[in-house]
There are 2 protein chains.
Amino acid sequence: MGRTPRRRSQKERSAETSSRLMAATIDLLHDRGITRATTPDIARAAGVSRGALTHHFPTRETIITASIANMLHLVNEDMRRFGREFAESGGSSDEIVDYLWKVMSDRLFYVTMEYLPEARHNDEFKAQLVPVVREFHAGLDAIWTELAARTGADPEHTRNVMNATMCCIRGMIAQTVLRQDQDYYDGLLRFWKDQVRQQFPGKAGEAKGKSRKRAAL
Amino acid sequence: MGRTPRRRSQKERSAETSSRLMAATIDLLHDRGITRATTPDIARAAGVSRGALTHHFPTRETIITASIANMLHLVNEDMRRFGREFAESGGSSDEIVDYLWKVMSDRLFYVTMEYLPEARHNDEFKAQLVPVVREFHAGLDAIWTELAARTGADPEHTRNVMNATMCCIRGMIAQTVLRQDQDYYDGLLRFWKDQVRQQFPGKAGEAKGKSRKRAAL
DNA sequence: ACTTACAAACAATCAAGCCTGTTTTTGCAA
DNA sequence: TTGCAAAAACAGGCTTGATTGTTTGTAAGT
């Protein structure tokens, strides 16, 4: 009621509308797809005028690449947080796989699938994203390197396991589009965790809850 | 010169132009992406008028789904051929993985990545494709089931290996969009084949050329 | 005063679907 | 076999609608 938000600085106003626009862009990318995410739609979803959008992002491509980069930065932050906690708590390989599945299937890779085709055919678009994607992979690498160091596993072998894991997760999520079958994905992820676990001896390799148990449910 | 192709039957004419249009559609989907594959472009690439296109395919969505279904049918045929040859020759798991990588990375999954976003947001579009995709997976299943029967491996375990393999390949190809690094993919595929080989004892599991050798090249 | 943030109307482009002709093939009857 | 009408294959123009980038105008902050 008595709310009178007088005098926000321009920097604040700008940052907030930009954030809202980028969030709305990701929402639309995920919910309606990149081809249906028009600039009027984005502005409407963000609750601002299209004029405001064009002020902050001169072209459609600009707001899309900025939104994706922003999303990846946020994911990177969360991943580094997980990396620290994982290193401190000395978690198992299962936890890594579960975490990555959660991160990737919670919009990240669905949004990625929306823009990958554009990246494949638009070099400038792609060039905007390659650096942040690299940053993402650096964060990944840190987590698995920690696991390798702790378990004494071969670093190169660990990297292969990491990359195969990421590829499996990508492929699974891609498959969800045309095949909806939760049991299938649960089972496959469980299988994969079993495989990964065998690569890391000792504590990091032994699962606490034993993922097989879930099969009995 | 003296070529006078008089009186092709209507069925022939229709079949040929349809084929050319569908082939051109897949070409454009792969080369320029689904958003850039406009009906004028498709007609031009096929060497027919736009009127001919609309005659055979009333809407853009129609020609795209038909083209994809057609592509999948062709792939299915080749896969069944491979399956027969594989069963007769008693090949190794390496051969399966190599074959699947070849099939998927030779346009199939790149084209798939083009239309997956549309399938995710357009139920009718998706409904047109689910049956042929199922057919594709049935062909896959036949190959691996044969391998399992021959090696005496557990069928369910084999199915997990198959699905993980397909997911891994999908994920790798998706990654190629933003990361071009042939050595990386060669190495990862080699790693994967090593892993799969260990799941199948005996002849089917032992590679002839030993994929490690390629690492020395 | 001057710059930045925002609003909204405007113009140009372009693709999809439709519709109207034209040519080729086919089925049928004289 | 030939003549002819109907149907299918093909060609191309037209209309509508939507979207993008631009531009002009206004309010808020520096």
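**View 1. Cys167 of chain A and its cysteine neighbour in this predicted model.**
Cys167(A) is buried, with a relative accessible area of 0% (buried means under 20% relative accessible area, exposed over 50%, partly exposed in between, using a 1.4 Å probe and protein chains only). The closest cysteine sulfur to that of Cys167(A) belongs to Cys168(B), at 5.0 Å, which is too far for a bond. A disulfide is a pair of cysteine sulfur atoms within 2.5 Å. A search of the whole structure finds zero disulfides over all chains.

This is a predicted model in which local features need pLDDT of at least 70 and side-chain atom pairs count only at pLDDT 80 or more, while totals for chains, interfaces and linings use all residues. Residues are numbered from 1 along each chain as its sequence is written, chains are lettered from A and ligands numbered from 1 in the order in which they are written, and side-chain values use heavy atoms, with hydrogens and water left out.

**View 2. Cys167 of chain B and its cysteine neighbour.**
Cys167(B) is buried, and its relative accessible area is 0%. Its sulfur lies 6.1 Å from the closest cysteine sulfur, in Cys168(A), too far for a bond.

**View 3. The protein surface near DNA strand C.**
DNA strand C is surrounded by 21 residues, the closest being His56(A), Arg7(B), Thr39(B), Arg50(B) and Arg60(B) (a residue is near a strand if one of its heavy atoms lies within 4 Å of it). Of the strand C atoms within 4 Å of the protein, 69% belong to sugar or phosphate and the rest to bases.

**View 4. Polar contacts to DNA strand C, including one from Ser49(A).**
A polar side-chain atom of Ser49(A) lies 2.9 Å from a phosphate oxygen of DNA strand C. Arg13(B) places a polar side-chain atom 2.9 Å from a sugar or linking oxygen of the strand. A polar backbone atom of Arg60(B) is 3.0 Å from a phosphate oxygen of DNA strand C. A polar contact here is a pair of N or O atoms within 3.5 Å.

**View 5. The protein surface near DNA strand D.**
Of the 22 residues around DNA strand D, Thr39(A), Arg50(A), Thr17(B), His55(B) and His56(B) come nearest. Sugar and phosphate make up 72% of the strand D atoms that come within 4 Å of the protein.

**View 6. Polar contacts to DNA strand D, including one from Thr39(A).**
An N or O atom in the side chain of Thr39(A) is 2.6 Å from a phosphate oxygen of DNA strand D. For the side chain of Thr17(B), the distance from an N or O atom to a phosphate oxygen of this strand is 2.8 Å. Arg60(A) has a backbone N or O atom 2.9 Å from a phosphate oxygen of DNA strand D.

Conventions: Polar contact = N/O pair within 3.5 Å; in protein donor to acceptor, adjacent residues only side chain to side chain.
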